[in-house]
Amino acid sequence: MTGKKSAIIIGAGIGGITTAVYLAKNGYEVDIFEKNSSPGGRCGQMIRDGHRFDLGATMLMMPGIYHEIFDSLGIPLFENNDITPLEDLYKIYFDDNEVITFTPDQDKMKIQLEKIEPGSFARSQKYVFDGYEIFQIGMNKLIGRNFDNVFQFANFRNIGMLIKLKTYISNYSYVKKFFRNQHLRMAYTFQNIYVGQSPFSSPALFSMVPAAELTEGSFFPKGGMYSIVEKLLSAAISHGVRLHYNNPVETIKVNGKKAEGVLLEDGTEIKADIIVANADLPYVYRKLLPDKRKSERLDKLKYSCSAICFHWGLDKLYLQVGHHSVFLSEGFREGLDKIFKDKTVSDHPSFYMHAPSRTDPTAAPANQDTLSFIVGAGHVDKMKKQDWDILKKNTRLAIIQRLKQLGLEDIEEHIKFEICCTPESWENTCNISRGSVFGSLAHNLLQMGYFRPHNQHSRYKNLYFTGGSTHPGNGIPNVLLSAKLTSERILNN
Ligand SMILES: Cc1cc2nc3c(=O)[nH]c(=O)nc-3n(C[C@H](O)[C@H](O)[C@H](O)COP(=O)(O)OP(=O)(O)OC[C@H]3O[C@@H](n4cnc5c(N)ncnc54)[C@H](O)[C@@H]3O)c2cc1C
């Protein structure tokens, strides 16, 4: 017995490890139990035959938030030139071979945009300026703070804020005020998919995403996004945090109004003063806690979309494509409806491609390539069952055909091996409800801020939550903030 307070953290995702560092730095004895054999969760990594894949996150955006959190934890992040700013954020390819390169370089943007729609450059600047203002207001008032009661969120002053945050209009209706050209409308709204939303139904608040990218830039760490997990992990270990892999938690043991500890799948029971669940929140209520009424309520909420991901190790290098590419298909709205309404994948999907060896050659053996693809897909829905094997085959074919159109004609012959994650496999590997990897709970207004499931349990006051499915939401910057906010709540109690 050390006399220190003890904490058990369920899950070694970014949210769990970051919370562990905050607590250990503040005197807690911390144990993390992770179901898988390695850390990272949706920011995990796989290495095979010299090919290194980031299995989930691939873009370091909103660097200011990384600075804030890493500085507060005393972890050096940007100091050793380990993190490279990307000159181009991504190239956007359209079906008719039009290409727009998104870059913070204003001259380059002007030339491209004016060619597509005269006058659109000035309007894009306004879109980005206003979107960045939304980002800053959102950070101060909505995203970067804890709410203790509904009045802190829904009061007269905040009604003005919600109007400023463009919560009353869909992102797609909003972008139409700026651009007549369909490709420009697509280019400035597809980023909604980062938070698992359709721009046709999510609020224009999310115009802050491209605005933040274009204003603050996008970065890539040496060693891939997993190096963020490694940095957090080494800080956690240096503060004495103990990690237990291959150790799924089966139940959170509760007694009266207290969470007493956890029961592991191997039958071991461990007690602690506090418990922090980093595992997906609806999964925790459904599987690890006794109260089924709350779980049924969570079941009725809206869930984000899922993704089919392919990871290819290739014996040829395709330098025609840059680090990040986005392929937007002409049936943009139809494709999104397939995902969000039919819970499936379009036959002709839009998709994202990651080619990390352009920035970090250690991602692939010399003259070979490491490519990953993320294709938005419906989440697992028992009312709309899908044959994911068939969808996987069709999606793979659609990607190959699109790459052939770009001139990568022999790409299929050069795939040495492939790893694929479907919505069902996301659900199984990380316990993400419905495989809704971008949330899991959606980010509609009624599921944000005070209305998002809270980071402290209402009955078991020593049970907390951290990660993408609690406040403020999904994406590594939000998850880092979630860890900070949850830790503040614990430490201030
Ligand atoms: C395809 C994809 C692309 C993305 N791209 C980006 C991007 O470019 N940039 C960005 O910022 N974000 C991106 N994201 C989002 C980002 O990856 C996530 O928001 C973030 O990693 C989630 O972290 P987390 O800690 O909330 O949850 P998780 O990473 O899901 O961690 C939860 C952990 O809990 C463990 N667990 C679950 N149940 C149990 C149990 N019973 N016992 C023990 N352990 C358990 C899981 O195995 C997991 O390790 C992407 C996500 C995906 C899926």
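Started with charges over rings: Arg-434 lies over the face of Tyr-303, and I get 3.9 Å to the ring centre. Keeping in mind that this is a predicted model, I looked for another case. The charged end of Lys-294 sits over the ring of Tyr-285, with 5.4 Å to the ring centre.

Next, ring on ring. How many aromatic pairs does a search of the whole structure find? It comes back with 24 aromatic pairs. I pulled up Tyr-66 and Phe-70: the centres are 6.5 Å apart and the planes sit at 20°, so I logged this pair as stacked, since planes under 30 degrees apart count as that.

Where do these two sit? Tyr-66 and Phe-70 are both in helix H2 (residues 63-73), and the spacing of four residues is about one turn of the helix. Checked burial too: Tyr-66 is buried at a relative accessible area of 0%, and Phe-70 counts as buried at 1%.

Then I went to Trp-312 and Phe-373. This aromatic pair is tilted, 4.6 Å centre to centre with 55° between the planes. Which parts of the chain does the pair link? Distant ones: Trp-312 belongs to strand E15 (residues 306-314) and Phe-373 to strand E18 (residues 369-377), 61 residues apart. Buried or exposed? Trp-312 and Phe-373 are both buried.

Last entry, a group of rings. I found one aromatic cluster formed by Tyr-90, Phe-102, Tyr-127, Tyr-174, Phe-178, Phe-179, Tyr-188, Phe-190 and Tyr-194.

Key. Residues numbered from 1 in each chain as written. Predicted model: local features only at pLDDT ≥ 70, side-chain atom pairs only at ≥ 80, totals over all residues. Heavy atoms only, no water. Phe/Tyr/Trp six-rings, centres within 6.5 Å; stacked < 30°, edge-to-face > 60°. Helix = DSSP H or I, 4+ residues; strand = E, 2+ residues; numbered from the N terminus. Buried < 20%, exposed > 50% of the residue type's maximum accessible area, 1.4 Å probe, protein only. Lys NZ or Arg CZ within 6 Å of the ring centre and 35° of its normal.
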